[in-house]
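Me: Could you walk me through this structure, one question at a time?

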There are 2 protein chains.
Amino acid sequence: MIIDHVSLETFTQQVFEKMGCPTPHAILAANVLLKADLRGIDSHGVARLSGYVRLWEKKRINSNPNIKIVHESFTTTTLDADRALGLVSAPQGMDIAIEKAKIYGCGFTAIKNSNHFGIAAYHAMKALPHDMIGIAMTNASPLVAPTHSTKRMLGTNPMCYVFPALEYPPVVVDMATSAAANGKLEIAQRTGKPIPAGWVQTKEGAETLDANGLKSGGSLLPLGSSVANGSHKGYGLAGVVDIFSGVLSGANFSEWVPPFVAFLEPLANLPGEGIGHFVGAIKIDAFRPASEFKANMDQWIQSFKVADRINPDQPVIIPGAPEFEEEIIRRKEGIPLHESVVLDLKQVAEKFGLHFN
Amino acid sequence: MIIDHVSLETFTQQVFEKMGCPTPHAILAANVLLKADLRGIDSHGVARLSGYVRLWEKKRINSNPNIKIVHESFTTTTLDADRALGLVSAPQGMDIAIEKAKIYGCGFTAIKNSNHFGIAAYHAMKALPHDMIGIAMTNASPLVAPTHSTKRMLGTNPMCYVFPALEYPPVVVDMATSAAANGKLEIAQRTGKPIPAGWVQTKEGAETLDANGLKSGGSLLPLGSSVANGSHKGYGLAGVVDIFSGVLSGANFSEWVPPFVAFLEPLANLPGEGIGHFVGAIKIDAFRPASEFKANMDQWIQSFKVADRINPDQPVIIPGAPEFEEEIIRRKEGIPLHESVVLDLKQVAEKFGLHFN
């Protein structure tokens with residue numbers, strides 16, 4: 001099924017309104033999800049809508065939160081998101097960071113007591129129209145084992161950095177710090193195909209090519225995959241994200257990050273509140289004229305585009321460029337939805353007395 | 001040969017003085033190099049001293065630089081290092097960042113026209129006594145090919161993040177964004193053993209287990225190693241470091257970063273000046289009380305220390321802990337130097353009329 005993005009966004013907004021979100025929140029949350037679908041990050045768009053609904057039903061998401069500043073300095077803010085959708089708290093945190101960066105050169109917001117925030121790139125990219133570098137990261141359900149361990153201690157904890165260019169689209173690095181994002185694994189599960197070595201280990205810590213290895217009690221491997229190829233670096237990066245997002249904000253961290261799936265209860269004796277995010281903006285003009293920076297970014301991008309190829313038919317990819325191109329196509333041609341997602345959205349519609357499709 | 005660290009530091013300082021460094025610069029540069037040797041990062045300590053000397057002989061390093069602020073805001077500084085040793089410019093940049101963070105919550109310094117800065121952790125760890133998070137990164141000689149390319153476009157571009165804890169040593173994540181650091185490859189070259197798949201590709205872009213594959217015109221692979229295991233993420237991270245260090249500061253970037261080895265000339269038509277660094281400090285109290293943060297860091301560390309092991313004899317490693325333990329041992333027992341390094345240092349001593357050993 002292919003659906004135009006405006007209809008899908010309107011439907012998504014209606015669902016959030018039915019959950020009790022104030023209209024501005026519902027508009028914002030729908031916009032974040034649709035941005036993922038437009039960019040081709042299908043695992044983080046409306047495919048997750050029913051997951052948010054289930055967390056709301058469990059009262060783990062507060063649809064009408066009182067998001068408040070609990071600590072701040074000239075350049076920093078700590079938000080208590082009051083169990084908000086991360087889709088709402090993260091853009092608000094980023095807006096504050098941008099305002100501080102306008103005055104002081106940079107601004108950062110740590111957010112606790114929040115929930116899944118969608119794609120990191122949405123929040124970081126808010127910096128771009130202001131000629132700022134944008135940063136966004138979040139911790140997430142523990143699925144990744146640190147090197148030498150069988151225990152799920154870290155989320156796929158994405159880090160995102162975005163940089164404006166002049167003629168070219170911005171460089172957008174938005175990556176899970178695990179070898180494979182969970183979304184890729186879900187696709188392999190649907191198709192039943194074996195997965196590459198280095199994505200998942202069994203619950204004993206052995207290599208597996210089974211896409212269901214995670215469901216069977218195994219764990220995702222950090223970026224680097226093996227000891228020889230530097231999995232301790234992926235583990236270290238996931239740790240950096242966890243500390244900025246969880247420890248610095250006062251949210252949960254490590255094994256205590258509450259799971260996204262509503263059928264799993266959070267652990268007892270949580271050290272913090274909800275999940276955590278960290279977002280920030282750095283004004284380029286605070287270091288050098290943005291026009292010079294952006295001209296150099298074009299030169300940076302161009303040098304990679306023309307770099308010698310291994311295979312003449314496979315160009316070197318600029319981070320963020322495929323998603324930029326996909327968005328142009330999907331805005332025009334619509335968003336393809338997998339039949340399982342269509343079914344899921346129909347059930348959500350039925351629950352709220354809405355019409356889908 | 002084993003040498004006590006004080007003698008080695010004094011010798012190193014004397015070499016820098018013979019190069020014409022003012023005594024405070026020589027003391028600082030020697031301290032940075034010795035910190036690497038104390039922490040067991042042998043590839044980045046005195047083993048590199050002769051390399052700095054050769055760059056100075058080529059007039060690419062200015063031993064008596066006029067390091068000056070060329071741009072600043074409340075929280076940001078851009079330094080022109082005047083071709084200084086990065087061993088000198090980076091700690092100075094970090095000191096400025098810390099002073100700004102004391103007042104404004106965070107501070108960042110971008111440094112252009114610089115040279116190799118040793119271990120990133122030295123600079124980032126300056127934040128720790130101030131209860132700040134420290135950040136340091138640098139670009140470096142192009143040796144790493146982006147995904148799908150055979151061309152060396154990026155350095156091993158390290159990123160470093162350090163976080164203070166309470167009872168435990170700080171968490172120090174200091175990592176090359178390539179699958180293997182160049183130092184590991186050099187060890188394999190000395191021993192003549194094959195290297196793991198995923199470290200190096202041939203000049204045609206094929207897999208190789210030959211430790212000399214890089215010398216033969218190949219390239220290092222980004223963290224992730226293969227397309228299937230996410231090498232585009234290592235490429236993206238190396239790009240982030242290159243943009244913060246090179247593009248934001250006005251230094252060189254991409255393929256134009258001047259090589260560390262003095263026998264290679266920089267490319268023509270450089271887009272910037274020298275190599276670049278980016279360092280910063282974030283005051284924890286600007287987000288939440290540092291005492292609470294550090295107590296939570298202890299809990300974070302403890303949770304990883306006791307995480308279930310794959311092999312009962314192999315504990316989960318906390319980032320930075322092995323180096324912390326190594327420093328305690330080496331401060332007491334001395335620093336082991338490979339015979340090739342001893343020979344190298346003797347030649348340096350002879351050049352300057354100094355005595356080594």
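Reply: Happily; here are some notes on the model, followed by questions on its symmetry, contact and strands.

This is a predicted model, in which local features need pLDDT of at least 70, side-chain atom pairs count only at pLDDT 80 or more, and totals for chains, interfaces and linings use all residues. Residues are numbered from 1 along each chain as its sequence is written, while chains are lettered from A and ligands numbered from 1 in the order in which they are written.

Me: What turn lays chain B on chain A?

Reply: Copies are superposed by least squares on the C-alpha atoms of residues with pLDDT of at least 70 in both. Chain B then fits on chain A with an RMSD of 0.0 Å and a shift of 0.0 Å along the axis. This is how a two-fold axis relates two copies, and the turn is 180°.

Me: Which residue of chain B comes closest to the rotation axis?

Reply: The distance is taken at the C-alpha, and it comes to 2.3 Å. The residue is B:G224.

Me: How many residues does chain B give to the contact with chain A?

Reply: Two residues are in contact if their C-beta atoms, placed from the backbone, lie within 7 Å. Chain A contributes 67 residues, and 100% of the contact residues of chain B recur in chain A, so the same surface serves both copies. For chain B the number is 67 residues.

Me: Which elements give two or more residues to the side of chain B that touches chain A?

Reply: Helices (H or I, at least four residues) and strands (E, at least two) are DSSP runs, numbered from the N terminus. The residues on that side divide into 35 nonpolar, 26 polar and 6 charged, where Ala, Val, Leu, Ile, Met, Phe, Trp, Tyr, Cys and Pro count as nonpolar, Asp, Glu, Lys and Arg as charged, and the others, Gly among them, as polar. The elements are β3, β4 (106-114), β6, β7, α7 (231-247) and α8 (290-305) of chain B.

Me: Why is strand β6 of chain B largely enclosed by the rest of the structure?

Reply: A residue is buried if 20 or more other C-beta atoms lie within 10 Å of its own, exposed if 12 or fewer, and partly exposed in between, with C-beta atoms placed from the backbone. On one side of β6(B), B:M159, B:Y161 and B:F163 are buried, and on the other B:C160 and B:V162 are too. The strand (residues 159-163) is largely enclosed because its buried residues number 5 of the 5.

Me: How many bridges join β6(B) to strand β7 of chain B?

Reply: Two strands pair if DSSP finds at least two bridges between them. On β5 (residues 132-138) of chain B, which pairs with β6(B) in the antiparallel sense over 4 bridges, B:M137 has B:M159 as its bridge partner. Towards β7 (residues 171-175), B:F163 stands opposite B:V171. β6(B) and β7(B) run antiparallel, and the number of bridges is 5.

Me: How many residues lie between β2(B) and β3(B) in their hairpin?

Reply: β2 (residues 68-72) and β3 (residues 76-80) of chain B pair in the antiparallel sense over 4 bridges. B:E72 has B:T77 as its bridge partner. The hairpin has between its strands 3 residues.

Me: Which strands stand at the edges of the open sheet of 3 strands in chain A?

Reply: The order is β9-β8-β10, with antiparallel pairing. Each edge strand has a single partner strand, so one side of each is left without a neighbour in the sheet. The edge strands are β9 (207-208) and β10 (219-220) of chain A.
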